[in-house]
Amino acid sequence: MSAPHLPKVAGIDPEVPVSTHTPAPLREVPAAPGAFIQDRLAGWVSDLTTLHELTERLAGTTTLDAALNELLHAGAALVGARRGLLVLEPADHGTPSTTLGLGLSHADLGHLETVERGATALGRVLEGVPGTADGIASPDLLGDKDLDPRHREVATRLGYAASYALPLASEQAGRLGGAAWLYDEPGEPSEKQRHLVGLYARYATEHLARLIELERARADVATVAEELLPSRLPRIPGVQLAARHRTGPRGGGDWYDALPLPEHTLGLAVGSVGGSGPSAMAAMGRLRASLRAYAVMEGEDPVAVLSDLELLLRLTEPARTATALFAYCEPAARKVVLAGAGHTPPLVLGERRCEFVETTLSAPLGMLACWEAPSVEFSPAPGETVLLYTDGLLRRTGDPMDRAFARLHSAAASVPKAGRHDPAAVADHVLRTMLPDGLDRTDSAEDVVILAAHFD
């Protein structure tokens with residue numbers, strides 16, 4: 001029978017034999033004055049430096065996912081573990097529960113979730129069992145005769161022999177969840193390691209609480225922004241519509257609209273109000289509602305629609321500017337008449353062309369004492385898609401505007417032929433190509449709007 005596992009402090013192997021040789025007595029040399037204190041101070045400084053670097057890295061995270069990943073990695077470094085898992089489970093239930101692993105696959109996390117919560121140290125930490133506030137060390141799981149059979153089976157399958165669980169809680173933030181780090185061999189963190197990871201976890205809890213509130217605020221902003229936009233797009237014979245909208249974290253003023261007009265005609269509009277936040281969103285809602293009214297009255301004349309909108313903006317909000325584009329479409333005749341006020345030009349995509357519509361240079365609404373610009377008329381060929389968008393699509397790429405326009409042209413030209421008859425596929429392809437690698441979820445203040453109209 002093999003010898004039982006010996007618990008050890010992380011980083012120290014108890015199986016290394018200790019020499020039985022007794023050295024000859026040495027003449028006692030008096031220690032240098034203050035050497036002991038200097039060593040202790042050097043150790044404290046080193047620990048504080050490490051803790052400062054880790055908290056600085058954590059403070060630099062701006063999303064909840066990034067902060068959770070950073071916490072798992074930093075905690076593993078502090079306690080000397082290779083793997084771990086974290087469960088975010090705020091007590092107020094305002095945020096969905098999240099489970100994240102370090103060095104563990106989805107299948108591994110699934111096996112761990114089959115263990116009864118009360119049978120694991122992490123589960124007891126999450127439940128707030130008394131006596132778990134300072135963490136729970138399980139230095140030799142497989143040597144524990146009272147270990148839950150299912151827990152023993154999972155630990156053997158995943159190859160870990162010890163664990164250390166710590167709650168993510170603070171007096172101000174309350175209980176947000178817990179984390180556990182797994183050791184491949186029997187062991188546990190030292191007192192110093194426990195102290196450092198405890199300090200780090202308390203700071204991390206406060207940071208996570210702030211990010212949770214920020215995520216909730218962003219979700220509320222996105223909900224309000226969506227409520228201010230059309231709930232559905234109209235169905236007009238001869239044309240198919242699709243729209244995509246990405247709201248910035250603070251909420252912006254980009255908007256779109258599509259409204260049916262008499263005799264099976266259609267009004268399409270996109271615009272952007274200067275600024276961000278609730279005031280910009282409120283102004284966006286007012287402008288969109290006003291434009292709908294003007295479009296119903298004189299939609300066949302886009303210049304008149306934007307002139308009325310400019311007058312309203314100048315009289316009611318003289319300190320605000322906005323860009324806008326309104327297009328009057330006759331799908332049966334495949335005729336489009338549009339006017340723009342400082343807005344980006346539409347792009348036409350078809351089998352034989354991919355080009356920007358030439359529009360006249362015009363100032364944004366509210367910029368001049370009296371806005372005026374001529375309209376432009378063009379005819380989409382059968383099977384062509386007209387792409388309206390806001391400049392947030394260009395600015396969020398981070399490129400100079402000329403390069404961003406070239407990037408947009410390339411993205412539209414690269415739409416697969418099989419998807420060119422579907423405006424939703426066109427919009428999705430352009431969005432993915434323009435904003436890869438998560439740029440559509442960046443913290444940029446810019447909103448993004450794409451409105452695609454495909455003419456049969």
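**A walk from hairpin to sheet to helices**

Let's begin at a hairpin: strands E7 and E8 are joined with 3 residues between them, and in that turn Glu263 has a positive phi of about 60 degrees. Keep in mind as you look around that this is a predicted model. The two strands of the hairpin, E7 (residues 252-261) and E8 (residues 265-276), pair in the antiparallel sense over 10 bridges. To find the register on screen, look for Gly253, which stands opposite Val273 in E8. Of the 10 residues of E7, 9 are buried, so this strand is largely enclosed by the rest of the structure.

Now step back for the overall picture. The protein has 456 residues, and 47% of them are buried. Its secondary structure comes to 11 helices and 15 strands. Among contacts with a separation of 6 or more, 68% are between residues 24 or more positions apart.

The next stop is an open sheet. Here 5 strands are arranged in the order E6-E15-E14-E11-E12, with antiparallel pairing. At the edges stand E6 (239-246) and E12 (354-356); each has a single partner strand, so one side of each is left without a neighbour in the sheet. From one strand to the next, the twist averages 15 degrees.

Within this sheet, follow the pairing of E11 (residues 347-349) with E14 (residues 385-389): the two strands run antiparallel and are joined by 3 bridges. Val348 has Val386 of E14 as its bridge partner. Helix H10 packs on the sheet, where it touches E11, E12 and E14, and its direction makes about 150 degrees with that of E12. Helix H11 also packs on the sheet. The strands touched by H11 are E6, E11, E14 and E15 (448-455), and the direction of H11 makes about 30 degrees with that of E6.

Leu347 is a good place to see these elements come together. This residue lies in strand E11, and with a relative accessibility of 0% it counts as buried. Which residues does Leu347 contact, leaving aside its neighbours within four places in sequence? They are Cys354, Glu355, Phe356, Thr385, Val386, Leu387, Tyr389, Leu408, His409 and Ala412. One of these, Val386, is 39 residues away from Leu347 along the chain, yet their C-alpha atoms are separated by 5.8 Å.

How do H10 and H11 themselves meet? H10 (residues 401-413) and H11 (residues 423-434) pack at an angle of about 135 degrees, and their axes are 9 Å apart. The two helices are therefore oblique to each other, and H10 passes H11 in a right-handed crossing. H10 brings Ala404, Arg407, Leu408, Ala411 and Ala412 to the contact, while H11 brings His429, Val430, Thr433 and Met434. By class, these residues are 6 nonpolar, 2 polar and 1 charged.

A second helix pair makes a nice last stop. Helix H2 (residues 64-79) and helix H6 (residues 191-227) pack at an angle of about 180 degrees with their axes 10 Å apart, which makes H2 roughly antiparallel to H6. On the H2 side, the residues in contact are Leu64, Ala67, Leu68, Glu70, Leu71, Ala74, Gly75, Leu78 and Val79. They meet Gln193, Leu196, Val197, Tyr200, Ala204, His207, Leu208, Leu211, Ile212 and Glu215 in H6. The residues of this contact divide into 14 nonpolar, 3 polar and 2 charged.

Note on methods
Residues numbered from 1 in each chain as written. Predicted model: local features only at pLDDT ≥ 70, side-chain atom pairs only at ≥ 80, totals over all residues. Heavy atoms only, no water. Axes fitted to C-alpha atoms, helices over the stretch in contact; angles between N-to-C directions. Helix = DSSP H or I, 4+ residues; strand = E, 2+ residues; numbered from the N terminus. Parallel < 35°, antiparallel > 145°, perpendicular 65-115°, else oblique. Left-handed = near helix turned anticlockwise from the far one by under 90°. Contact = heavy atoms within 4.5 Å. Nonpolar A, V, L, I, M, F, W, Y, C, P; charged D, E, K, R; others polar. Buried < 20%, exposed > 50% of the residue type's maximum accessible area, 1.4 Å probe, protein only. Pairing = 2+ DSSP bridges.
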